[in-house]
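Q: I have a protein model open on my screen and would like to learn how to read its features one by one. Could you take me through them, giving the general idea and then the case at hand?

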Amino acid sequence: IHAEAGAGSYHVRFVAEQVSHHPPVSAFYCECLERRMCVNAHVWTKSKFMGMSVGVSMVGEGVLCLLEHEEEYVFTLPCAYARSILTVPWVELGGKVSITCAKSGFSATVTFHTKPFYGGKVHRVTAEVKHNPTSTIVCKVQGEWNGTLEFTYSSGESKVIDTTRLAIIKKKLRPVEKQGRSESRRLWHHVTMALKEGNIDTATEHKHRLEERQRGEEAAAGPPTTSHGNQNTSTRGGWVYYNPLWKDH
């Protein structure tokens, strides 16, 4: 996806690829040159059935690079739960997420609280930010991740952020006919149109054609390769985009 820059907006480039089949690992890279920031991540899932719910654990991590400050933030991902799968399904997040920055010495633990069986709020989250060299809790957070969040600092200062009031910049994408052959909106155009029309059989047919074409191209290409990233040899492992923003700046 290539979001065009306009007045009060930015260029955002996003690339995603399935880099491993066993296990099925997906990797993605996103960058914004104007803000000098990028994200590199890899993830695969483990699912389990729990009565009327399905739980999905997200295995992997991401790295957010803020080139302006020369900082890297390594973060994990929360679990997702599909509830009431036989009646009216709904989704919530749960579990702990860690965020660490070696350069600044700060880390954070974010807890996504699942809704109790009786009562309680949905989408509730709490967090603590810690300065590791001094073992000091510098900030605590509580609220809803998709609603209002209250930040309380060790200085006594507090701040409230209402995520529903944050400015949203509408995406502007190139027309499908001008997109690259492997860009997702062009690649899946016929499947998407069939689904919008409610024609499941046609969508399934186009999906099978696309998958067969990709299998044929992979077989002709020889041993499996990745188009956009390679496996990282660092202690973190995972996958890294071939040409990340930090290589150019």
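A: Let us begin in a helix, keeping in mind that this is a predicted model. R213 and E217 are 4 residues apart in helix α3, and therefore they are separated by about one helical turn. Salt bridges that share partners join R181, R213 and E217 into one network.

Q: How far apart are the closest N and O atoms of R213 and E217?
A: A salt bridge is recognised when a side-chain nitrogen of Lys or Arg comes within 4 Å of a carboxyl oxygen of Asp or Glu. Between R213 and E217 the closest N and O atoms are 3.7 Å apart, and the pair forms a salt bridge. As for the surroundings, R213 counts as partly exposed at 36% relative accessibility, and E217 is partly exposed as well, with a relative accessible area of 36%.

Q: Which side chain meets that of R209 in a salt bridge?
A: The partner is E205, with 2.4 Å from N to O. These two residues lie 4 apart in helix α3 (residues 200–221), so about one helical turn separates them. E205 is partly exposed, its relative accessible area being 40%.

Q: How many residues apart in helix α3 are E212 and R215?
A: They are 3 residues apart in the helix, which again means a separation of about one helical turn. Their side chains meet in a salt bridge, at 2.8 Å from N to O. Here E212 counts as exposed because its relative accessibility is 51%, while R215, at 47%, counts as partly exposed. A search of the whole structure finds 11 salt bridges.

Q: Let us turn to strands. Where do the side chains along strand β7 point?
A: Following a strand residue by residue, one can ask which face each side chain takes. In strand β7 (residues 79–83) the side chains alternate: C79, Y81 and R83 point to one face and are buried, whereas A80 and A82 point to the other face and are not buried.

Q: In which sense do β5 and β7 pair?
A: To read a pairing, look at the direction of the two strands and at the bridges between them. Strand β5 (residues 53–66) and β7 pair in the antiparallel sense, over 3 bridges, and G55 has Y81 of β7 as its bridge partner. β7 is also joined to strand β8 (residues 90–101), the two running antiparallel with 5 bridges, and the bridge partner of Y81 in β8 is E92. β7 and β8 form a hairpin with 6 residues between them, and in the turn S84 has a positive phi of about 50°.

Q: Which residues make up the largest nonpolar core?
A: In soluble globular proteins, nonpolar side chains tend to be buried together. The largest nonpolar core has 9 residues in all, namely V97, V110, F112, V125, A127, C139, V141, L149 and F151. At least two residues of this core come from each of β9, β10 (124–131), β11 (136–144) and β12 (148–153). Another core, of 7 residues, lies apart from it and includes C38, V63, L67 and V74.

Q: With which residues is V110 in contact, leaving aside neighbours within four places in sequence?
A: A list of contacts shows what surrounds one residue. For V110, with those neighbours left aside, the contacts are G95, K96, V97, I99, V125, T126 and A127.

Q: Is F106 buried or partly exposed?
A: F106, which lies in strand β9 (residues 106–113), is partly exposed because its relative accessible area is 32%. Not counting residues up to four places away in sequence, F106 touches I99, T100, C101, V129, K130, H131, N132 and V138. Distance along the chain and distance in space are separate readings: F106 and T136 are 30 residues apart in sequence and 9.6 Å apart in space, C-alpha to C-alpha.

Q: How many disulfides does the structure hold?
A: For a disulfide, two cysteine sulfur atoms must lie within 2.5 Å. The structure holds 0 disulfides. C32 is in none, and the nearest cysteine sulfur, that of C30, is 8.0 Å away. C38 is likewise in no disulfide, with the nearest cysteine sulfur, that of C65, 4.4 Å away. C32 counts as buried because its relative accessibility is 9%, and C38 counts as buried at 1%.

Terms used. Residues are numbered from 1 along each chain as its sequence is written. This is a predicted model: local features need pLDDT of at least 70, side-chain atom pairs count only at pLDDT 80 or more; totals for chains, interfaces and linings use all residues. Side-chain values use heavy atoms; hydrogens and water are left out. Buried means under 20% relative accessible area, exposed over 50%, partly exposed in between (1.4 Å probe, protein chains only). Contact means heavy atoms within 4.5 Å. Two strands pair if DSSP finds at least two bridges between them. A nonpolar core is a set of buried Ala, Val, Leu, Ile, Met, Phe, Trp, Tyr and Cys residues joined through side-chain atoms within 4.5 Å.
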